[in-house]
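Here is a short guided tour of one protein chain for a first look at structure. Keep the picture open beside you and find each part as it comes up.

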Amino acid sequence: MTQDRVRIWSHQELARASLERVVKIGERHGIEILPVKGVVSARLYYDDVSERAMQDVDVRVTRQALARMRAIGPREGLTIIHDSPAYENLVFDVGGMMVE
């Protein structure tokens with residue numbers, strides 16, 4: 001495995017762990033978290049996740065859940081790094097990985 005592939009694999013593992021943390025927070029508060037895009041496709045469509053580079057973890061929640069996550073996230077130790085109510089977009093730093 002090349003050094004670049006090792007870096008991508010490590011980033012994928014960070015993404016997986018970050019997603020797992022956000023999903024567990026959601027479960028504790030009755031919020032369904034739906035992972036989408038790269039974090040899902042890397043494991044479904046690639047034999048080796050290091051073939052699928054990604055920059056962040058994309059998830060979807062309902063509008064009501066978004067408002068709740070805005071309040072719950074910081075109490076659960078997540079750092080809000082971007083919040084755009086107009087675009088219904090909220091981005092957390094979860095252990096060094098952006099989750100939006």
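## The largest pocket

Sixteen is the number to start with: 16 residues line the largest pocket, and Val-59, Arg-60, Val-61, Leu-66 and Glu-88 are the ones nearest its centre. A pocket here is an open set of points, on a 1 Å grid over the protein atoms alone, where a 1.4 Å probe fits and protein lies on both sides within 12 Å along at least five of seven lines; lining residues have an atom within 4 Å of a point. This pocket holds about 280 Å³ of space, where a volume is the space filled by probe spheres set on the points, with grid points joined across faces, edges and corners. Strand 2, helix 3 and strand 4 each give at least two residues to the lining.

Please keep in mind that this is a predicted model, in which local features need pLDDT of at least 70 and side-chain atom pairs count only at pLDDT 80 or more, while totals for chains, interfaces and linings use all residues. Residues are numbered from 1 along each chain as its sequence is written, and side-chain values use heavy atoms, leaving out hydrogens and water.

## The chain as a whole

You can find three helices and five strands in the chain, and from the N terminus on they follow the order α-β-α-β-α-β-β-β. Helices (H or I, at least four residues) and strands (E, at least two) are DSSP runs, numbered from the N terminus. Of the 100 residues in the chain, 36% are buried. Buried means under 20% relative accessible area, exposed over 50%, and partly exposed in between, with a 1.4 Å probe and protein chains only.

## Two hairpins

Now look at strand 4, where five of the six residues are buried. Strand 4 pairs with strand 3 and is also joined to strand 5 (residues 97-99); two strands pair if DSSP finds at least two bridges between them.

| Strands | Sense | Bridges | Residue pair |
|---|---|---|---|
| strand 3 and strand 4 | antiparallel | five bridges | His-82 and Val-91 |
| strand 4 and strand 5 | antiparallel | three bridges | Asp-93 and Met-98 |

The hairpin of strand 3 and strand 4 has four residues between the strands, while the hairpin of strand 4 and strand 5 has two. In the second of these, Gly-95 has a positive phi near 60°. Glu-88, which we met at the pocket, sits in the loop between strand 3 (79-84) and strand 4 (89-94). Its phi is near 50°, a positive value in a residue other than glycine. Is Glu-88 buried or partly exposed? Glu-88 is partly exposed, because its relative accessible area is 41%.

## The nonpolar core

A nonpolar core is a set of buried Ala, Val, Leu, Ile, Met, Phe, Trp, Tyr and Cys residues joined through side-chain atoms within 4.5 Å. The largest one has 20 residues, and Val-22, Val-57, Met-69 and Val-99 touch the most other members. Helix 1 (3-28), strand 2 (56-60), helix 3 (63-75), strand 4 and strand 5 each give two or more residues to this core.

Val-99 is found in strand 5 and counts as buried because its relative accessible area is 2%. Its C-alpha atom is separated by 5.9 Å from that of Asp-56, although the two are 43 residues apart along the chain. Leaving aside residues up to four places away in sequence, Val-99 touches residues including Ser-18, Val-22 and Leu-90. With the same exclusion, Met-69 touches Val-22, Ile-25, Ile-31, Pro-74, Leu-90 and Phe-92. Contact means heavy atoms within 4.5 Å.
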